[in-house]
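Open your viewer and get ready to select residues. This tour tells you what to pick next and what you will find there.

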Amino acid sequence: MGTKARPRQVILVLCCYCMAANSILLVAPALCLSALAVDLGLQSELQKGLFLSAILWGMVLTSLLSGWAADRLGFRLLLLLSTLLQGVGLVQISLVQSPWPAIAGSFLAGLGRGMISAPLTALLCTLYPENRTRVTGIFHAFFHIGMVAFILLTLGLLQLGWNWRIIFQLFNGLILAYGVAALFAPLPGPSTPAAAKDRQPLWDVARQPVFVLLMAISFLTAIVEIGAGNWLPYFIELTTGASRTFSGFGLLLFAVALSVGRIAVFSLLHKWGVKPYFWVAGLVCVGSLLLAALPLGALSTTFWLAVLGLGISGVYPTLLGYAGDLFPRAGSAIFILMNSTAILGGVAGPLSIGLAADAFGLRPAMGLLALAPLGFIVLVLLIREPPRS
């Protein structure tokens with residue numbers, strides 16, 4: 001793709017803004033869920049979970065096609081198309097009056113968001129082959145840095161009396177900004193046939209047991225991170241009686257913990273190695289979810305959910321960097337498969353919490369989420385590395 005001749009720092013900055021802006025599709029619905037549910041008639045917990053997860057259903061479809069689209073359209077058109085789809089989806093949610101059109105708008109926004117994560121991860125791994133794990137961690141850390149910024153912005157606007165519909169339209173403009181920036185950035189164009197021939201065939205990667213295990217771990221990781229993140233403000237508000245503002249700050253603390261954890265993970269990996277890091281992270285997640293589910297008050301619940309953010313923060317980017325090191329010639333294909341698997345986990349997370357909450361209550365539902373990190377601890381024990389490609 002000729003990317004090494006391009007100023008990779010400019011591309012890295014644009015990619016990081018894209019990732020930060022993508023956090024809007026988590027922050028806006030999560031913080032505005034209680035007001036949005038009243039306006040749109042989302043009556044059951046399952047309906048709320050369906051609205052929150054519809055974004056992820058859209059992401060699944062376009063994530064699977066994102067590598068093909070990047071190869072044929074180039075990154076400039078890919079980013080522009082991504083912003084347009086997200087923008088149309090957010091505007092639709094902000095204008096409708098009933099549940100199913102809002103869920104459809106959420107799905108449409110997800111189609112746009114799902115187009116870019118895996119191709120941009122592959123692009124950055126190509127630009128920074130000497131440090132894939134670190135650059136992947138930085139890139140994905142900006143999702144949570146964006147969360148912090150947009151949580152503060154949303155809380156401020158809500159305190160000023162802004163309606164959630166106007167907030168959604170404002171966020172539409174912030175997402176469109178990176179599509180405009182992409183028109184002028186030195187991004188690679190469509191891929192050449194010669195570049196495609198140099199890649200390791202996807203089947204050679206997909207049949208490796210270690211890669212199957214990495215995909216399964218990414219699925220379980222997303223259940224924890226996306227499931228807890230989507231429900232966190234509503235969970236704090238409903239189970240502890242805290243105000244919407246306090247619940248919003250709970251999500252802010254969760255996002256700060258995720259950001260700090262993703263930046264700090266490099267030093268832990270240097271000291272411990274990948275597998276011990278996964279074991280410790282999994283145990284922290286199990287313990288914090290169980291403690292957050294106990295009726296110990298708003299401060300305790302918020303604290304343990306922040307600890308959960310620290311525990312889960314570095315797992316997914318470490319998985320991507322680890323896979324990139326194991327299969328350096330596979331291109332975007334491995335990131336597309338892992339990203340799609342993680343998105344499926346992200347769909348399962350909010351929905352499973354909604355189903356469990358309808359059946360048992362919100363606190364038991366959050367406690368049952370601890371089964372996911374317990375599962376990935378077991379899977380890490382089964383990992384056997386193949387010879388490096």
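Start by selecting Phe249, which lies in helix α13. You are looking at a predicted model. Is Phe249 buried, partly exposed or exposed? Its relative accessibility is 43%, so Phe249 counts as partly exposed. Buried would need under 20%, and exposed over 50%.

Now show what surrounds this side chain. Phe249 touches Leu152 and Leu155, leaving out residues up to four places away in sequence. Pick the C-alpha atoms of Phe249 and Leu152. They are 8.3 Å apart in space. Along the sequence, Phe249 and Leu152 are 97 residues apart.

**Along helix α13**

Stay in this helix. Select residues 244-272 to see α13 whole. Then pick Val256, also found in α13. Val256 has a relative accessibility of 33%, so it counts as partly exposed. Which distance separates Val256 from Gly146, C-alpha to C-alpha? The answer is 9.8 Å in space, with their positions 110 residues apart in sequence.

Next, select Ser247, another residue of α13. Ser247 has a relative accessible area of 1%, so it is buried. Show its contacts. Ser247 touches Leu232, Pro233, Ile236, Glu237 and Ala242, not counting residues up to four places away in sequence. Now add Ser243. Its backbone oxygen lies 2.9 Å from a polar atom of the Ser247 side chain.

**Helix α12 and its partner α2**

Keep Pro233 on screen and select residues 209-240, which form helix α12. Add helix α2, residues 24-31. The two axes come within 8 Å and cross at roughly 25°. Angles under 35 degrees count as roughly parallel, so α2 and α12 are roughly parallel to each other. The crossing is right-handed.

Which residues make this contact? From α2, show Leu26, Ala30 and Leu31. From α12, show Gly229, Asn230 and Pro233. By class, these residues divide into four nonpolar, two polar and no charged.

**Helix α8**

Select residues 132-159 for helix α8. Within α8, pick Leu157. Leu157 has a relative accessible area of 8%, so it is buried. Leaving aside neighbours within four places in sequence, Leu157 is in contact with Trp162, Ile167 and Leu170. Check one of these partners by distance. The C-alpha atoms of Leu157 and Ile167 are 7.5 Å apart, and the two residues are ten apart in sequence.

**Helix α1 against α8**

Keep α8 and add helix α1, residues 8-22. The axes of α1 and α8 come within 7 Å and cross at roughly 45°. That angle makes α1 and α8 oblique to each other. The crossing is right-handed.

Color the residues in contact. On α1, select Leu12, Cys15, Cys16, Met19, Ala20, Ala21 and Asn22. On α8, select Val135, Ile138, Phe139, His140, Phe142, Phe143, Gly146 and Phe150. How many of them are charged? None: the contact of α1 with α8 has twelve nonpolar, three polar and no charged residues. Gly146 was also the partner in the Val256 distance.

**Helix α1 against α7**

Hide α8. Show helix α7, residues 117-127, beside α1. Their axes are 11 Å apart, and the helices pack at an angle of about 155°. This makes α1 roughly antiparallel to α7, because angles over 145 degrees count that way. Here the crossing is left-handed.

Select the contact residues of α1: Arg8, Ile11, Leu12, Cys15, Cys18 and Met19. Then take Ser117, Leu120, Leu123, Leu124 and Leu127 from α7. By class, this contact has nine nonpolar, one polar and one charged residues.

**Last stop: Asn339**

Leave Ser117 on screen and select Asn339, found in helix α17. That helix covers residues 332-360. Buried or exposed? Asn339 has 6% relative accessibility, so it counts as buried.

Show what Asn339 touches. Leaving aside neighbours within four places in sequence, Asn339 is in contact with Ser63, Ser117, Ala118 and Tyr316. Zoom in on Ser63. The side chains of Asn339 and Ser63 make a polar contact of 3.0 Å.

Note on methods:
Residues are numbered from 1 along each chain as its sequence is written. This is a predicted model: local features need pLDDT of at least 70, side-chain atom pairs count only at pLDDT 80 or more; totals for chains, interfaces and linings use all residues. Side-chain values use heavy atoms; hydrogens and water are left out. Axes are lines fitted to C-alpha atoms, for helices over the stretch in contact, and angles run from 0 to 180 degrees between N-to-C directions. Helices (H or I, at least four residues) and strands (E, at least two) are DSSP runs, numbered from the N terminus. Angles under 35 degrees count as roughly parallel, over 145 as roughly antiparallel, 65 to 115 as roughly perpendicular and the rest as oblique. A crossing is left-handed if the near helix is turned anticlockwise from the far one by less than a right angle, and right-handed if clockwise. Contact means heavy atoms within 4.5 Å. Ala, Val, Leu, Ile, Met, Phe, Trp, Tyr, Cys and Pro count as nonpolar, Asp, Glu, Lys and Arg as charged, and the others, Gly among them, as polar. Buried means under 20% relative accessible area, exposed over 50%, partly exposed in between (1.4 Å probe, protein chains only). A polar contact is a pair of N or O atoms within 3.5 Å; within protein, one must be able to donate a hydrogen and the other to accept it, and residues adjacent in sequence count only if both atoms are side-chain atoms.
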